[in-house]
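Thanks for making the time this morning. I would like to walk you through one model, going slowly over the strands, then a pair of helices, and then how far we should trust each part.

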Amino acid sequence: MAIRGTGEGTDDIVKRIALLLTAFFIVFFFSLQTAFAQVQVRMRVILASNAGQEIDPSLRDVHKELGSLFSFTSYRLIRDESLNLSLNQPIRITGRTGKAFLEATLVGLHRNMAELRLRVVREGTEILNTQVRLFAGRTVFVGGPRYGEGVVIYALYGNF
Amino acid sequence: MKNSCSSISKLLEKYFDREVTEKERVLVEGHLQDCLACRNALRSMEELRTLIKVPVEEAVQKEEFPWVWQKIEREIRLQKKLTWWQTLRSWIDVSPLLKRKVWIPAAATLVVLLLISAQIIFQKTPSYPDASVVEYVESQTDNVMVYQLEKPKVTVIWLFEGPEKEQTTL
């Protein structure tokens with residue numbers, strides 16, 4: 001009896017150590033992985049049209065850029081958000097009505113680049129599906145979906 | 001050298017229990033050859049053991065130890081069940097472990113695993129060459145154009161929606 005009890009006690013200690021270590025590593029590894037596999041992306045949703053000459057004051061920093069790329073006369077900022085994208089965790093940016101959205105998913109991360117999958121969906125129909133490499137210092141514009149008299153432009157900037 | 005009975009008698013019990021050293025054994029056996037009183041004392045011990053051993057062994061054979069163990073197990077089961085929090089606390093409590101030396105190999109293992117995992121986790125992913133930005137683009141409904149500028153560093157993905165698809169929802 002005594003020998004059996006001692007053996008079980010040692011086994012129990014070993015099991016406890018093994019389980020505690022396993023639990024520690026699972027938490028440690030996943031928390032680090034989650035912390036490191038994140039990227040911050042700034043996304044602006046711009047409504048561009050030829051109705052009027054209005055330039056949103058908050059778009060003055062990119063007005064020149066927009067003017068050199070597109071031939072619209074009016075630019076209005078609808079949304080300006082910083083997205084914390086985690087690996088394979090899609091984030092949706094909806095418009096005013098919620099019927100159209102852009103879904104951004106981080107699918108890869110390098111030192112100077114984030115790979116993003118972007119989907120534009122309107123009323124349940126996917127109208128655009130693309131995968132881009134967003135480098136630090138580069139802006140990616142996804143535009144064209146019509147809205148009223150103008151179009152919507154999604155501007156993405158990598159903050160890394 | 002003759003050893004007195006008083007000094008040998010102290011060793012006699014140890015000799016009887018076979019707990020003496022080799023030197024002590026030689027000493028006791030040498031004395032026993034010459035000393036009748038100590039031989040008798042040793043014989044008495046043997047007789048006493050026989051007297052105790054036989055009935056104890058018989059009693060042990062009669063006793064149903066599995067039944068005793070079952071009783072103990074039943075008592076354990078009847079004990080108050082711990083709450084999940086108490087169970088968790090008992091698992092987290094490492095004080096019993098600190099009383100043993102198991103923490104030394106455990107700590108060593110921990111350090112080794114940390115070093116290995118740190119190399120994997122902190123391994124820097126290579127810089128990606130600033131090549132093409134768009135990996136793929138598709139639209140099942142409309143045409144898409146991609147253009148890329150290096151100054152300023154801009155990439156445009158443009159969806160050409162037909163006028164018939166003009167939408168007013170966003």
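Let me begin with strand β5 of chain A (residues 113-122) and strand β6 of chain A (residues 125-135), which run antiparallel and are joined by ten bridges; strands here are DSSP runs of E of at least two residues, helices are runs of H or I of at least four, both numbered from the N terminus, and two strands pair if DSSP finds at least two bridges between them. To pick out one position, Leu118(A) has Thr130(A) in β6(A) as its bridge partner.

I should say early that this is a predicted model, in which local features need pLDDT of at least 70 and side-chain atom pairs count only at pLDDT 80 or more, while totals for chains, interfaces and linings use all residues. Residues are numbered from 1 along each chain as its sequence is written, and chains are lettered from A and ligands numbered from 1 in the order in which they are written.

The pair belongs to an open sheet of five strands with antiparallel pairing, in the order β3(A)-β4(A)-β5(A)-β6(A)-β1(B). At its edges stand β3 of chain A (91-94) and β1 of chain B (134-138), each with a single partner strand, so one side of each has no neighbour in the sheet. On average, neighbouring strands are turned by 20° against each other, direction ignored.

Turning to chain B, the axes of helix α1(B) (residues 5-16) and helix α2(B) (residues 22-34) come within 10 Å and cross at roughly 115°, where axes are lines fitted to C-alpha atoms, for helices over the stretch in contact, and angles run from 0 to 180 degrees between N-to-C directions. The two helices are therefore roughly perpendicular, a word that covers 65 to 115 degrees. Their contact (C-beta atoms, placed from the backbone, within 7 Å) is made by Ile8(B), Leu11(B), Leu12(B) and Tyr15(B) of α1(B), with Glu24(B), Arg25(B), Val28(B) and His31(B) of α2(B).

Finally, how confident is the predictor in each chain, on the 0 to 100 scale of pLDDT? Chain A averages 81, with 86% of its residues scoring at least 70, although residues 1-8 of chain A fall below 50 and have zero contacts beyond near neighbours in sequence. Chain B has a mean of 78, and 80% of its residues reach 70 or more; among its elements α2(B) has the highest mean, 91, and α6(B) (residues 95-98) the lowest, 67. Where pLDDT is low, the predicted coordinates should not be read in detail.

Terms used. Angles under 35 degrees count as roughly parallel, over 145 as roughly antiparallel, 65 to 115 as roughly perpendicular and the rest as oblique. Two residues are in contact if their C-beta atoms, placed from the backbone, lie within 7 Å.
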